[in-house]
Amino acid sequence: MKNVLVIGSTGQIGSELTMLLRKLIPEGNIVAGYIAGAEPKGDLLESGPAELANVCKADELATIVDKYKIDTIYNLAALLSAVAESKPLLAWDIQMNGLLNILEIAKEKKCAVFTPSSIGSFGPNTPKDNTPQDTIQRPSSMYGVTKVATELLSDYYFKKFGVDTRSVRFPGLISNVTLPGGGTTDYAVDIYYSAVKGEEFVCPIKAGTFMDMMYMPDGLKAAIDIMNADPTKLIHRNAFNIASMSFDPEILYKKIKEYIPDFTMRYEFDPVRQAIADSWPNNMDDSCAREEWGWKPSYDLDSMTRSMIETLKKRFNK
Ligand code: AKB
């Protein structure tokens with residue numbers, strides 16, 4: 001991996017992944033791909049090349065791949081689960097037609113491709129606890145439908161055409177840099193902002209709803225390590241379960257209160273997000289990722305909470 005195109009570089013994962021890749025591969029071209037209306041700013045704009053890269057415009061993507069001799073594409077363009085339910089056709093267009101464009105270009109120009117999957121690729125009849133790597137995937141949301149199709153199509157392009165596709169099933173990602181938008185797990189990010197700002201948090205997910213979550217530094221490590229993994233050791237490709245912690249809103253609330261004792265939270269559940277959350281696993285078994293490419297997270301709930309609160313307190317002068 002030397003010359004990399006990050007599509008969706010101004011989003012929640014892309015903004016941090018692009019900066020980290022630029023630090024790790026100073027000799028390479030790490031291109032921040034963006035769409036009109038979501039232009040990169042500040043360090044992201046100043047620290048390397050940036051190009052309009054709309055997944056739905058194959059010509060635009062092919063030109064960038066040629067111009068920078070791209071060998072690896074991180075395809076992070078997506079509508080998250082809750083927003084995809086309100087715009088299912090747009091979600092399909094971006095997630096499926098966009099992916100096809102990328103895979104076709106990758107086939108022709110010999111690029112490796114990472115397109116994230118998610119806990120959203122599972123559904124109500126998937127085993128909920130210790131969810132196996134290979135199991136039932138019959139999701140009930142449009143987001144989930146596109147994630148399962150992404151896994152299948154990516155594996156198809158690997159087997160049929162030799163395109164080096166690899167990926168992980170991300171849990172809810174928690175970061176203090178760029179806010180997520182329209183996801184079911186967003187509450188686990190928003191709660192930290194409310195706590196640090198001294199505001200009451202209104203939780204859209206019911207107590208007792210467990211989901212896998214992960215601190216962004218571990219998520220970024222996974223996205224990079226899987227692309228650097230020895231291909232001869234990979235039995236699976238699209239996509240690996242990865243896990244580090246699982247909690248419900250109540251556990252998270254109590255953990256934050258250990259650091260901010262006067263923090264308050266009440267529940268006002270959002271039926272769309274709750275239905276999606278209820279159909280997702282409580283916690284995944286990530287032993288295949290551990291065995292096949294050495295996956296190991298660094299953060300647990302306590303170390304993530306300390307880091308989130310410390311960073312946000314500095315940001316908001318609290
Ligand atoms: C979402 O909630 O939609 C995402 C995800 C788990 O894929 N954060």
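Two strands are said to pair if DSSP finds at least two bridges between them. Strands (E, at least two residues) and helices (H or I, at least four residues) are themselves DSSP runs, numbered from the N terminus. The structure described here is a predicted model, in which local features need pLDDT of at least 70 and side-chain atom pairs count only at pLDDT 80 or more, while totals for chains, interfaces and linings use all residues. Residues are numbered from 1 along each chain as its sequence is written, and side-chain values use heavy atoms, with hydrogens and water left out.

A good place to start is the parallel sheet. Six strands make up this open sheet, in the order E3-E2-E1-E4-E5-E7. Its edges are strand E3 (50-52) and strand E7 (165-166); each has a single partner strand, so one side of each is left without a neighbour in the sheet. Within the sheet, strand E1 (residues 4-7) and strand E2 (residues 30-34) run parallel and are joined by four bridges. Here Val 4 is found opposite Ile 30 of E2.

Helices lie against this sheet, where contact means heavy atoms within 4.5 Å. Angles run from 0 to 180 degrees between N-to-C directions, and axes are lines fitted to C-alpha atoms, for helices over the stretch in contact. Helix H1 (residues 14-24) lies across E1, E2 and strand E4 (72-75), at about 165 degrees to E2. Helix H3 (residues 58-67) also packs on the sheet: it touches E1, E2, E3 and E4, and its direction makes about 155 degrees with that of E3.

Next comes the sheet with mixed pairing, an open one of three strands in the order E9-E11-E13. Strand E9 (172-174) and strand E13 (245-247) are its edge strands, each pairing on one side only. From one strand to the next, the twist averages 40 degrees. Strand E11 (residues 211-215) pairs with E13 in the antiparallel sense over three bridges, and Asp 212 stands opposite Ser 246 in E13. Helix H8 (residues 216-228) packs on this sheet and touches E9 and E11, its direction making about 85 degrees with that of E11.

Finally, two helices meet each other. Helix H9 (residues 249-259) packs against helix H12 (residues 301-315) at an angle of about 55 degrees, with their axes 10 Å apart. H9 is therefore oblique to H12; angles under 35 degrees count as roughly parallel, over 145 as roughly antiparallel, 65 to 115 as roughly perpendicular and the rest as oblique. Among the residues that meet are Ile 251 and Leu 252 in H9 and Leu 301 and Ile 309 in H12.
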